[in-house]
Amino acid sequence: MSGVYTESLNKLIEEFGKLPGVGPRTAERLTFHILKAGPAEAMALADAIGDVKNKIKRCEICYNLSEGKICQICSDKRRDKSLICVVEQPKDVIALEKTGTCRWVYHVLGGHIAPLEGVEPDDLTIDKLVERVRSGNIKEVIMATNPNMAGDGTALYISSLLTNTGVRITRLARGLATGSTIEYASGKMLTDAIIGRQVLE
Ligand SMILES: [Zn+2]
C-alpha cells in the first residue's frame with residue numbers, strides 16, 4: 001500500500017488504523033473523508049483530539065475525568081456527598097449516570113487489584129478513598145466494581161479497610177451477571193442493581 005499513497009496519507013491511514021474497531025478499509029475511508037473535508041472540519045477534528053489530551057485531567061476529589069480541578073459531579077450541589085459510589089473506570093461513571101437514578105458522588109479507583117498483572121492496591125486510588133471516608137460525613141460506600149473475580153476481590157479488600165469506620169458498605173445487586181462489566185450492562189439492569197444493592201459482608 002505504501003507505494004500507492006503519499007507519505008502524509010499513509011501516515012493518517014496508519015493512525016486511524018490504530019483505533020479500536022477500525023480496520024484498514026475504514027482507515028482508508030476516514031482518511032479520504034478528511035482529505036475531502038473543508039479545512040475547518042478537518043482542523044476541528046485535530047483540535048478536538050488535542051483538547052482531550054491537553055485539557056482533561058483527574059478530579060482532585062473523586063479522580064473522575066475533569067477539565068477543572070473538581071469535576072462537574074463533585075461540584076453539583078444537588079448531589080448527596082455522603083454517598084460514595086466506587087467504580088473502576090471513568091467509563092463506569094458514564095454508564096451509571098446514564099441510568100438517571102444516581103444522586104451520589106463517585107470515587108474512581110483507576111482499575112482493579114490484579115497481582116498477576118502487577119496491579120497492587122497502591123497503584124489504585126484506594127488510599128485516597130479511605131482518607132475521604134475517614135475525613136468526611138460519609139453514610140454509605142456503594143461498591144460498583146465489576147461483578148467478576150477481580151472486581152469482587154477489590155470490593156472485598158476495600159470493605160476490609162473500611163470496616164472500623166462504621167460506614168455502611170453496600171454492593172450493587174446481583175441482577176448484574178457475574179463475570180460481566182458495568183460498562184456494557186444495560187441501563188435497566190444497572191438501575192435494578194442500584195436499587196437492590198445489598199450490604200457487603
Ligand atoms: Zn469529582
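I take a residue as buried when its relative accessible area is under 20%. The model I examined is a predicted one.

**Entry 1: zinc site**

I looked up which protein atoms bind the zinc ion. I found the SG atoms of C59, C62, C71 and C74 as its donors, lying 2.3 Å from the ion. I then checked the geometry: the angles among the four donor atoms run from 105 to 116°, and the site is tetrahedral. For reference, I noted that the ideal angle for four tetrahedral donors is 109.5 degrees. Along the sequence, I read the spacing of the donor residues as C-x2-C-x8-C-x2-C. Of these donors, C59 sits in the loop between β1 (57-58) and β2 (65-66), while C71 sits in the loop between β2 and α4 (72-75), and this pair, twelve residues apart, links distant parts of the chain.

**Entry 2: burial of cysteines**

I asked whether C59 and C71 are buried or exposed. Both are buried. C62 has 1% relative accessibility and therefore counts as buried. For C85 I recorded 0%, so this cysteine is buried too.

**Entry 3: disulfides**

I searched the whole structure for disulfides and found zero. Why does C85 form no bond with C102? The sulfur of C102 is the closest cysteine sulfur to that of C85, but it is 6.5 Å away, which is too far for a bond; I required the two sulfur atoms to be within 2.5 Å.

**Entry 4: largest pocket**

I noted about 190 Å³ of space in the largest pocket. Its lining consists of L12, E15, F16, L19, I34, A42, L45 and I49. The elements giving two or more residues to this lining are α1 (7-17) and α3 (39-55). By class, I counted seven nonpolar residues, one charged and no polar.

Definitions and conventions: Residues numbered from 1 in each chain as written. Predicted model: local features only at pLDDT ≥ 70, side-chain atom pairs only at ≥ 80, totals over all residues. Heavy atoms only, no water. Donors = N, O, S within 2.8 Å, 3.2 Å for Na, K, Ca; no water. Tetrahedral: all angles 85-135°; square planar, octahedral: opposite > 155°, others 65-115°. Helix = DSSP H or I, 4+ residues; strand = E, 2+ residues; numbered from the N terminus. Buried < 20%, exposed > 50% of the residue type's maximum accessible area, 1.4 Å probe, protein only. 1 Å grid on protein atoms, 1.4 Å probe; cavity = no way out; pocket = protein on both sides within 12 Å on 5 of 7 lines; lining within 4 Å. Points joined across faces, edges and corners; volume = space filled by probe spheres on them. Nonpolar A, V, L, I, M, F, W, Y, C, P; charged D, E, K, R; others polar.
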